[in-house]
Amino acid sequence: MAAWPLALAAATTAWSHNAICSCFDNGDSTITCEGGFSDGGKAAGVPLRVYDQSGKVLVDGVMSKDSNFTFPRPKVPFRVEFNAGEGHIITIDGRDIEK
């Protein structure tokens, strides 16, 4: 019975960080997205994809060692997806990235 509280604590610890991603317009027809985790962890190597409205991949990349990724601003409506695994997916509508 004493193992139950320990298992519960371990489960809580395993899910205690959240993915974080934000994107901004650089003013030069490019967008930079920065990512990481709420526990301070870096997002190096985390996939970042840009999709059009039909779901076609426009840009397929990964976060740099500095946890960012820069890409040309699409000319069509788009969304950005930061995918750090199950439960850690963030989607940003391109309309929310101010010019």
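A residue counts as buried under 20% relative accessible area, as exposed over 50%, and as partly exposed in between, with a 1.4 Å probe and protein chains only. By that scale Ser-29 is exposed, because its relative accessible area is 52%. The model is predicted: local features need pLDDT of at least 70, side-chain atom pairs count only at pLDDT 80 or more, and totals for chains, interfaces and linings use all residues. Residues are numbered from 1 along each chain as its sequence is written, and side-chain values use heavy atoms, with hydrogens and water left out.

**Overall make-up**

- The protein has one helix and seven strands, where helices (H or I, at least four residues) and strands (E, at least two) are DSSP runs numbered from the N terminus.
- Along the sequence these follow the pattern α-β-β-β-β-β-β-β.
- Of the 99 residues in the protein, 33% are buried.
- The accessible surface (Shrake-Rupley method, 1.4 Å probe) is about 6,400 Å², and 55% of this surface belongs to carbon and sulfur atoms.
- Contact means heavy atoms within 4.5 Å; among contacts between residues at least 6 apart in sequence, 47% join residues at least 24 apart.

**Sheet**

- An open sheet is formed by three strands in the order β1-β2-β5, with antiparallel pairing; two strands pair if DSSP finds at least two bridges between them.
- Its edge strands, each pairing on one side only, are β1 (19-25) and β5 (68-72).
- From one strand to the next, the twist averages 20 degrees, based on axes fitted as lines to C-alpha atoms, with angles from 0 to 180 degrees between N-to-C directions.
- Strand β2 (residues 30-37) is joined to the antiparallel β5 by five bridges.
- Opposite Glu-34 stands Asn-68 in β5.

**Nonpolar core**

- A nonpolar core is a set of buried Ala, Val, Leu, Ile, Met, Phe, Trp, Tyr and Cys residues joined through side-chain atoms within 4.5 Å.
- The largest such core has 19 residues, of which Cys-33, Leu-48, Met-63, Phe-71 and Val-80 touch the most other members.
- Two or more residues of this core come from each of β1, β2, β3 (47-52), β5 and β6 (78-83).
- Beyond its neighbours within four places in sequence, Val-80 is in contact with residues including Cys-23, Cys-33, Leu-48, Phe-71 and Ile-92.

**Thr-30 and Arg-73**

- Thr-30 lies in strand β2.
- The Thr-30 side chain makes polar contacts (N or O atoms within 3.5 Å, one able to donate a hydrogen and the other to accept it; residues adjacent in sequence count only if both atoms are side-chain atoms) with the side chains of Asn-26 at 2.9 Å and Asp-28 at 2.4 Å.
- Contacts of Thr-30 outside its neighbours within four places include Phe-24, Thr-70, Phe-71 and Arg-73.
- Arg-73 belongs to the loop between β5 and β6 and is buried, with a relative accessible area of 17%.
- The side chain of Arg-73 reaches the backbone oxygen of Ile-97 at 3.2 Å.
- Leaving aside neighbours within four places in sequence, the contacts of Arg-73 include Asp-25, Ser-29, Thr-30, Phe-78 and Lys-99.

**Positive phi angles**

- Most residues other than glycine have a negative phi.
- Ser-29, in the loop between β1 and β2, has a positive phi near 70 degrees.
- Ser-67, in the loop between β4 (57-62) and β5, has a positive phi near 65 degrees.
- Ser-67 is buried, because its relative accessible area is 4%.
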